[in-house]
Amino acid sequence: MADPITKFAYQTFQQSKSLLGLTHKNLSTQLMRLLAPTNGEREGISPALMSQLQASMQVLLDEDYADAEAGVYPLSQLFDTPWQDIVQQYPRLWLDMPSTWQRAREKRYQDFDETVETDRYPSYYVQNFHHQTGGYLTEESAELYDLQVEILFNGTADPMRRRILRPLKQGLQALARPEKDLRVLDVACGTGRTLRHLRSALPSANLYGTDLSPAYLRKANQLLSERPGELPQLLQANAEELPYQDGFFQGVTSVFLFHELPPQARQNVINECFRVLEAGGTVVLNDSIQAIDSPEFRPLMDGFYQMFHEPYYRHYMEDDLCDRLGQAGFVDIQTSNHFMSKIWVARKPIA
Ligand SMILES: C[S@@+](CC[C@H](N)C(=O)[O-])C[C@H]1O[C@@H](n2cnc3c(N)ncnc32)[C@H](O)[C@@H]1O
């Protein structure tokens, strides 16, 4: 129901998250600019680009509120942020900065201490993505991850993640089955933010999550167990080889994974999403915007992969995931952009 006070509270809440990001980002961006290796001068964000960004961010927040108002998820979900974690981790993030910058300066991109077991993972994964200490492979990295993402996206990571919910629910509703009989998998679930949103939108569905990182799965389990409702079933697995039988799920989602995969792995993961979906099931992918449909934001995308260690992002920016979805067998492929994120929705055809 329309409620101006709740909407005002939501805008204020988002602004407070965005302040956390901006304050930190201004400082850290300046420092990164001084310290991170560059091929020359980087241009700052022009005033024109900044106003485009602000307008695009406001559209995202309006969509987020409108979907909650329409009952896609409860209004309370708009305020679901791990504040306690964020406040606790903020000093730790700063304490970790000097070693992060040092690693970036020295171009050490696969820097793990000897306690981290790296040999059971694909080589493309054994990286300090974003120059992150421990890559995705330590408890410390899992603790800091949500805060880092909040800062990177100016507090809009969850509004962007929630964009998967409307198309997913539409796809599931088309199957006309009781919610308790539906199975939904979140591939590369990380610390479980998307599963929290899925739980709020689909309170009685059976939820599953996989990720390669045991540390991130432990963190996800901890955060998800704070919520009422059945705990999603979490499994460690490479998304290229999902440990489920053919046609097991009615819905599959994946958020912020594809830009961190090399091209063939992207195709392998899409093929697996197709395999584990039943005929008529829906896949919803969410990742960064791409150069092919957001040329106005290209300077940001270039800055992103140059400044942070994102070895596959440059190829991802131009990669045609619609073509990949089509190659796997998906039909009714649709895309949409939401601030810094892009959504792909597709259906497995009924034979
Ligand atoms: C940028 S994070 C996104 C996490 C989460 N989906 C989110 O929205 O915050 C990328 C995640 O993908 C996982 N990942 C990367 N490659 C993977 C693979 N081949 N199989 C499974 N998980 C993978 C990482 O461990 C990490 O948790």
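## A tour beginning at the ligand

Select the ligand and Arg 161 to begin: an N or O atom in the side chain of Arg 161 is 2.8 Å from an oxygen atom of the ligand. The model on display is predicted.

Keep the ligand selected and add Asp 211. The side chain of Asp 211 has an N or O atom that is 2.6 Å from an oxygen atom of the ligand. Next, add Tyr 145, where a polar side-chain atom lies 2.7 Å from a ligand oxygen atom. Each of these pairs falls within the 3.5 Å limit used for a polar contact between N or O atoms. With the protein in place, 99% of the 600 Å² of accessible area that the ligand has on its own is covered.

Now widen the selection to the residues around the ligand. How many residues surround the ligand? There are 21, and the closest are Tyr 125, Tyr 145, Ala 188, Asp 211 and Val 255. Colour this shell by class: 14 of its residues are nonpolar, four are polar and three are charged. If a cavity display is available, switch it on and find the largest cavity, where the ligand sits.

Next, show the whole protein as a cartoon. The elements to trace are 12 helices and seven strands. Turn the model to view its extent: along the principal axes, the C-alpha trace spans about 55 × 50 × 40 Å. The radius of gyration is 19 Å, which agrees with the value near 20 Å that a compact globule of 351 residues would have.

Two backbone stops complete the tour. Select His 130, in the loop between helix 3 (83–105) and helix 4 (139–152). His 130 has a phi near 60°, a positive value in a residue other than glycine. Then move to strand 6 (residues 331–338) and select Asp 332 within it. What is the phi of Asp 332? It is near 50°, again positive in a residue that is not glycine.

Technical notes. Residues numbered from 1 in each chain as written. Predicted model: local features only at pLDDT ≥ 70, side-chain atom pairs only at ≥ 80, totals over all residues. Heavy atoms only, no water. Near = heavy atom within 4 Å. Polar contact = N/O pair within 3.5 Å; in protein donor to acceptor, adjacent residues only side chain to side chain. Areas by Shrake-Rupley, 256 points an atom, 1.4 Å probe, with all protein chains shown as cover. 1 Å grid on protein atoms, 1.4 Å probe; cavity = no way out; pocket = protein on both sides within 12 Å on 5 of 7 lines; lining within 4 Å. Sits in = over half its atoms within 2 Å of the grid points. Nonpolar A, V, L, I, M, F, W, Y, C, P; charged D, E, K, R; others polar. Helix = DSSP H or I, 4+ residues; strand = E, 2+ residues; numbered from the N terminus. Rg over C-alpha atoms; globule rule 2.2 N^0.38 Å.
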